[in-house]
Amino acid sequence: MKKKYLKFSVFSFFLFVCLLLYFTNRSYSQSKNKYMGADKCAKVCHKGKKKGSQLEIWKSKKHSQAYHTLGTEAAKKLGKELNLKEEPQKSKECLKCHVTGYGLEESNFTKDYKMEEGVSCESCHGPGSVYKKLSIMKDTKKFLANGGVLPDEKVCVKCHNEESPSYKEFVFDEKVKIIVHPKPEK
Ligand code: HEC
Ligand code: HEC
Ligand code: HEC
């Protein structure tokens, strides 16, 4: 009689642990921001004059071309000088600053992510699959609390530093003016 009871409680404890693991894991993967690509950011809010044309401004700047730049003759020449084993577009040594979220595990990306988008919104503002919700986006405090980033110089110098084979001096106040894309005044 006693033995049977023990067996039952061991079994139910086991079941309990399984369920616990299942639910914590599920809510964890739902609450984890993933990289989802610039089109999603645009679709939710950031396209068109009324919103501040963030997508259009980004597309007109070099960050959006950073992956394609690695396919140019200039990049290939640089790659040769550095004795890369593969083309720059396939080399970690170049991709780590020329695309968004390079080298992270697959679970950090949604199916919409495209490496070809180069240095996209989420390189600077953080991966956004969670904070993209309108109710979060409407409120800067909530945006920041859900992993969104309003980038400062520290974010830029992760890439704009002397490890870059074509490094040019980076003066934040000057450089940021070239890429600004503020929300329109209300
Ligand atoms: C993930 C890496 C990365 C981050 C983060 C990053 N950049 Fe860049 N940036 C690049 C690369 C790579 C290029 C060169 C792209 C090309 O020429 O194809 C570039 C180019 C630029 C240019 C030249 C753009 C143009 O159109 O003339 C400016 C200005 C610039 N970055 C400013 C910034 C500022 C300001 C920040 C921070 C708010 C920043 N970058 C953050 C990688 C990065
Ligand atoms: C190279 C880095 C970089 C990239 C790429 C980038 N941003 Fe930004 N973004 C910034 C910086 C820097 C600011 C100014 C932050 C501040 O106001 O403190 C900013 C500000 C903004 C703002 C205004 C935020 C506010 O509350 O005033 C919006 C909206 C925005 N970005 C959306 C986007 C979208 C959408 C994309 C892609 C299409 C994008 N950004 C790409 C660096 C970047
Ligand atoms: C540490 C980050 C970083 C790495 C690593 C990196 N780049 Fe870049 N790359 C940049 C940035 C930032 C720029 C924008 C110019 C600048 O200020 O350095 C850039 C610009 C370029 C340009 C445009 C040239 C120019 O003068 O604007 C080429 C071509 C290029 N990179 C090729 C490569 C190749 C090839 C590799 C790999 C061997 C590589 N990059 C590795 C950050 C990096």
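Begin by selecting Ser-53, which is partly exposed, with 17 other C-beta atoms within 10 Å. Keep in mind from the outset that the structure on your screen is a predicted model. Ser-53 is found in the loop between helix 2 and helix 3, and its phi is near 50°, a positive value in a residue other than glycine. Most residues other than glycine have a negative phi.

Now move to a second residue with a positive phi, Asn-83, where the angle is about 55° although the residue is not a glycine. You will find Asn-83 in the loop between helix 5, which covers 73-81, and helix 6. Is Asn-83 buried or exposed? Asn-83 counts as exposed because it has 6 C-beta neighbours inside 10 Å, and a residue is called exposed if 12 or fewer such atoms lie within that distance.

The next stops are the ligands. Select ligand 1 and display the 21 residues that surround it, of which the closest are Lys-61, Lys-62, Thr-69, Cys-156 and Cys-159. The elements that give two or more residues to this shell are helix 4 (66-69), helix 6 (92-98), helix 7 (121-125), helix 10 (153-156) and helix 11 (172-179). Helix 11 gives the most to the shell around ligand 1, namely four residues. If you colour the shell around ligand 1 by class, you should find eleven nonpolar, six polar and four charged residues.

Go on to ligand 2, which is surrounded by 21 residues, with His-46, Gln-54, Trp-58, Cys-121 and Cys-124 as the closest. At least two residues of the shell around ligand 2 come from each of helix 2 (38-44), helix 3 (54-59), helix 7 and helix 11. Which helix supplies the largest share of the shell around ligand 2? Select helix 7, since the largest share, four residues, comes from there. Coloured by class, the shell around ligand 2 shows twelve nonpolar residues, eight polar and one charged.

Finish at ligand 3, where 25 residues lie around the ligand and Pro-88, Cys-94, Cys-97, Glu-163 and Ser-164 come nearest. Helix 5 and helix 6 are the elements that give two or more residues to this shell, and helix 6 gives the most, with five residues. A last colouring by class divides the shell around ligand 3 into twelve nonpolar, nine polar and four charged residues.

Definitions and conventions. Residues are numbered from 1 along each chain as its sequence is written. Chains are lettered from A and ligands numbered from 1 in the order in which they are written. This is a predicted model: local features need pLDDT of at least 70, side-chain atom pairs count only at pLDDT 80 or more; totals for chains, interfaces and linings use all residues. A residue is near a molecule or strand if its C-beta atom, placed from the backbone, lies within 6 Å of it. Ala, Val, Leu, Ile, Met, Phe, Trp, Tyr, Cys and Pro count as nonpolar, Asp, Glu, Lys and Arg as charged, and the others, Gly among them, as polar. A residue is buried if 20 or more other C-beta atoms lie within 10 Å of its own, exposed if 12 or fewer, and partly exposed in between; C-beta atoms are placed from the backbone.
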